[in-house]
Amino acid sequence: MYMDYDASTPRALATEAVHAGREDLAELGLHAPPIDLSTTYPSYDTRAEAARIDEFATTGARLDGPPVYARLDNPTTARFETALARLEGADDAVAFASGMAALTAVLLVRASLGLRHVVAVRPLYGCSDHLLNAGLLGTEVTWTDPAGVADAIRPDTGLVMVESPANPTLAEVDIRALAHACGSVPLLVDNTFATPVLQRPVEEGARIVLHSATKYLGGHGDVMGGVVACDDEFARALRQVRFATGGVLHPLAGYLLLRGLSTLPVRVRAASATAAELVRRLATDPRIARVHYPRVGGAMVSFEVYGDPHDVIAGVRLITPAVSLGSVDTLIQHPASISHRIVAEGDRRSAGVSDRLLRMSVGLEDVEDLWRDLTQALSAPPAETVRAPRAADGSAAPSRPVGR
Ligand SMILES: *Cc1c(COP(=O)(O)O)cnc(C)c1O
């Protein structure tokens with residue numbers, strides 16, 4: 001479909017962000033990408049359909065022409081996949097209904113080959129940790145640090161998995177060194193936090209790059225999705241698993257994610273500049289015990305407070321107290337209570353997720369407005385002492401809700 005793309009004249013990321021996956025639009029007489037909501041596709045030629053289904057079942061390759069049925073493929077979602085693959089410098093990408101559906105498909109591809117063992121480095125996003133640790137898909141996990149990966153690999157190891165920067169501590173790994181330590185075992189890097197704007201793990205030797213597209217790729221807090229960027233062979237295996245297990249992205253979500261990609265470089269760079277300024281201020285603030293900010297930069301900031309982290313969350317007014325990240329507005333949450341609650345307390349703590357840690361996803365607001373809100377929230381009195389004034393009759397008025 002995008003035959004006239006010429007890889008010999010590489011284009012900059014900002015250019016790819018607004019053009020990749022859309023090369024055929026002018027020829028179609030369109031400007032905005034069309035949304036194809038079909039669940040089925042008519043054909044009078046049953047023999048040809050049978051051949052196309054056989055071809056997909058044996059190779060997993062993208063179908064030429066209409067997808068037969070919407071669980072096999074979708075033209076709108078395919079545009080998003082093409083664009084994301086280009087941004088990550090990968091052969092291909094396969095989109096799913098969520099980041100967790102994407103990770104599930106990766107694990108199933110490997111487990112179906114009998115490679116049920118996973119080596120993983122903590123911290124990971126709480127639910128990724130849970131999926132591996134609980135063995136919900138029949139996989140078995142060995143947790144280690146990056147230096148221990150080579151020794152943890154066994155004959156049945158199907159995957160090495162890391163996040164860098166990691167959720168929620170923003171810890172980083174040396175992807176190139178780790179890819180080397182993995183040998184022939186595929187390295188999966190969850191690149192949700194850095195995005196291809198700041199880091200392209202495929203160029204550093206990772207075979208699989210995973211995104212919760214719900215975060216920066218969508219970018220507006222209104223679409224859920226996941227995507228895996230990888231080589232052709234792995235993408236074909238993922239398409240076969242997606243077809244059989246059904247974790248497909250809705251085409252409207254595919255449309256929104258493609259649109260999100262077009263502003264990704266601008267959003268990430270602007271929010272990162274604001275985040276870096278907030279980091280500078282937090283680093284010298286006497287109420288802050290420790291600030292976490294990765295070398296690669298980005299719009300995620302984590303910090304440990306001396307005071308009660310619950311009071312900070314209850315005290316924000318402009319910043320939204322909510323889980324998730326990567327939206328145009330700033331969100332703050334307490335990982336030990338929310339995003340990493342499902343990880344056992346001991347595992348959480350040993351992974352560096354302190355009970356005093358707060359994780360903030362910096363958005364596109366003005367830095368001074370954000371700082372004003374953050375600094376007043378950090379000074380917020382303990383929630384239980386904030387009371388409404390007594391009513392005129394002397395009875396105790398209900399305590400004022402401190403949060404929103
Ligand atoms: C949110 C998140 C996920 C899970 O993605 P969903 O879209 O919520 O399923 C995976 N990895 C990281 C780093 C995340 O932040």
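I looked up Asp24 first and found it buried at a relative accessible area of 11%, where buried means under 20% relative accessible area, exposed over 50% and partly exposed in between, with a 1.4 Å probe and protein chains only. The model is a predicted one, in which local features need pLDDT of at least 70 and side-chain atom pairs count only at pLDDT 80 or more, while totals for chains, interfaces and linings use all residues. Residues are numbered from 1 along each chain as its sequence is written, and side-chain values use heavy atoms, with hydrogens and water left out.

I then checked the partner of Asp24: it forms a salt bridge with Arg79, with the closest N and O atoms 2.7 Å apart, the term requiring a side-chain nitrogen of Lys or Arg within 4 Å of a carboxyl oxygen of Asp or Glu. Asp24 sits in the loop between helix 1 (13–19) and helix 2 (25–28), and Arg79 in helix 4, 55 residues apart; helices here are DSSP runs of H or I with at least four residues, strands runs of E with at least two, numbered from the N terminus. Arg79 is also buried, at 4% relative accessibility.

Next I turned to Asp92 and Arg239, whose salt bridge has its closest N and O atoms 3.0 Å apart. Asp92 lies in strand 1 and Arg239 in helix 10, so this pair ties together parts that are 147 residues apart in sequence. Asp92 is buried at 11%, and Arg239 at 2%.

For contrast in sequence separation I looked at Arg281 and Glu277, which meet in a salt bridge at 2.8 Å, N to O, and which are 4 residues apart in helix 11 (residues 251–283), about one helical turn. Glu277 is partly exposed, with a relative accessible area of 21%. I also noted that salt bridges sharing partners join Arg62, Glu81, Asp92, Arg239 and Arg242 into one network.

Helix 10 was my last local stop: its buried residues are Phe234, Ala235, Leu238, Arg239, Val241 and Arg242. Seen down the axis of helix 10, these fall within an arc of 170 degrees, taken from the directions of the C-beta atoms from the axis, so they line one face of the helix. On the other side, Glu233 and Ala244 are exposed.

Finally I checked confidence: the average pLDDT, the predictor's confidence in each residue from 0 to 100, is 93, and 93% of the residues score at least 70. Over residues 394–404 the pLDDT is below 50. Where pLDDT is low, the predicted coordinates should not be read in detail.

Methods: Contact means heavy atoms within 4.5 Å.
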